[in-house]
Amino acid sequence: MSNLIENLNKTFDNRIRLGIMSALIVNEEVNFNTLKELIKVTDGNLASHLKALEDMQYIKVKKGFIGRKTNTNYTVTKLGQKAFTTHINALEKMIKNMK
Amino acid sequence: MASDNYFRINLLAYFFKNYFIIPIAIIKNIHLLCISKHFFMNMENQSLQDIRDIKNIMERSTRFISLSGWSGVAAGICALAGSWIATKSIAKYVHEKSITYEELIVRFLVIAGCVFVAAFIFAFIFTYLRSKKNNVPMWGITTYRMLINLAIPLIAGGFFVIRILQMEHYFLIAPVCLSFYGLALINASKYTLGEIKYLGYCELILGIANLWIPGYGLIFWAAGFGLLHIIYGVIMWWKYERV
């Protein structure tokens, strides 16, 4: 039991961070507004969680412009991919244990 | 004798330890056991919820889900209406001889074009209404991706149709339309509600079957673009939109 929990990544405890990672894993890149619509959170809240993931080096930020508007795109890093996969596997084991 | 006694005491202690102390310890600490069980149960339910959230976000971020079943029904009705008008034109050519073969072909093309435009407009309207109702934006990266993937086989098919018209192999038009449309649907199904790929397979099968049954193009066309669309639309409406 205990090593099951160890494999669960504390970083992904939060619903918003889990949402960000899920979206980035299946898309090459996702911009800020799309993430906001998908996860249904406020700007500030989303930005702080993105910052946390960026600090962990799980995601990369690419800032650009469309006309004059800023367009910030996010991509997942190799490290982030690995961390997320481990987390999902731990979740899966946890659920299998249930039966 | 002493050792016998010692053994007896030991045995007693052994029994006592196993049958009293351990159960007592368990009873004393049962709250701990309950808490940890509760904790794990919660963790497991949480895991299940997390997996559901992950699946949901992954799907919503890659698939265009506002496609309405009514679009299918409307497109099907347009196609059936088009086929009906086309049979009238055939009657004019065969029985009344009031139009030439070339005129008949031109009429077919005009009808097909009108059907395509009308079906597209209806699809747009119903999809717009559904995205409004579900409060999901209609134009997003998923819409764009779905349209691109739909368009690639369709445009390729369009060139085939143009060349077939130039070479006057008219019997190939319906099979090519159906086949390429089927391929387009299968290709786009990764980016929208997945069920559409079954519609794609059916169109493809009809198209290929039509290659060996020439002369029945209009019937195949009506079945593929009319009937199948209506069936698909009703099933999708039943599955996702029925309140």
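Which residues of the largest nonpolar core touch the most other members? Let me answer that for the model above, which is a predicted one, and then move from the core to the place where the two chains meet.

The largest nonpolar core holds 28 residues, and those that touch the most other members are A:Phe12, A:Ile20, A:Met21, A:Leu35, A:Ile39, A:Leu46 and A:Leu50. Several elements of chain A, namely α2, α3, α4 (43-55), β3 (69-76) and α5, each supply at least two residues of this core, and so much is also true of α2 (30-62) of chain B. The largest share, six residues, comes from α2(A).

If you would like one residue to follow on the screen, take A:Leu35, which, leaving aside residues up to four places away in sequence, touches A:Ile20, A:Ala23, A:Val30, A:Lys40, A:Leu46, A:Leu50 and A:Tyr74. There is also a second, separate core of 18 residues, and among its members are B:Leu178, B:Tyr181, B:Leu228 and B:Tyr232.

Now to the interface, where 22 residues of chain A are in contact with 18 residues of chain B. The area buried between the two chains is about 1900 Å², and carbon and sulfur atoms give 75% of that area. On the side of chain A that touches chain B, α2 (15-26), α3 (32-39) and α5 (78-98) each supply at least two residues, and the residues of that side divide into 15 nonpolar, four polar and three charged.

Finally, what does the rule find across this interface in the way of salt bridges? For chain A and chain B the number is zero, while three residue pairs are found in polar contact, with both residues at pLDDT 80 or more.

Key. Residues numbered from 1 in each chain as written. Chains lettered and ligands numbered in written order. Predicted model: local features only at pLDDT ≥ 70, side-chain atom pairs only at ≥ 80, totals over all residues. Heavy atoms only, no water. Contact = heavy atoms within 4.5 Å. Buried area = accessible area lost by both parts, 1.4 Å probe. Salt bridge = Lys/Arg side-chain N within 4 Å of Asp/Glu carboxyl O. Polar contact = N/O pair within 3.5 Å; in protein donor to acceptor, adjacent residues only side chain to side chain. Helix = DSSP H or I, 4+ residues; strand = E, 2+ residues; numbered from the N terminus. Nonpolar A, V, L, I, M, F, W, Y, C, P; charged D, E, K, R; others polar. Core = buried A, V, L, I, M, F, W, Y, C linked by side-chain atoms within 4.5 Å. Buried < 20%, exposed > 50% of the residue type's maximum accessible area, 1.4 Å probe, protein only.
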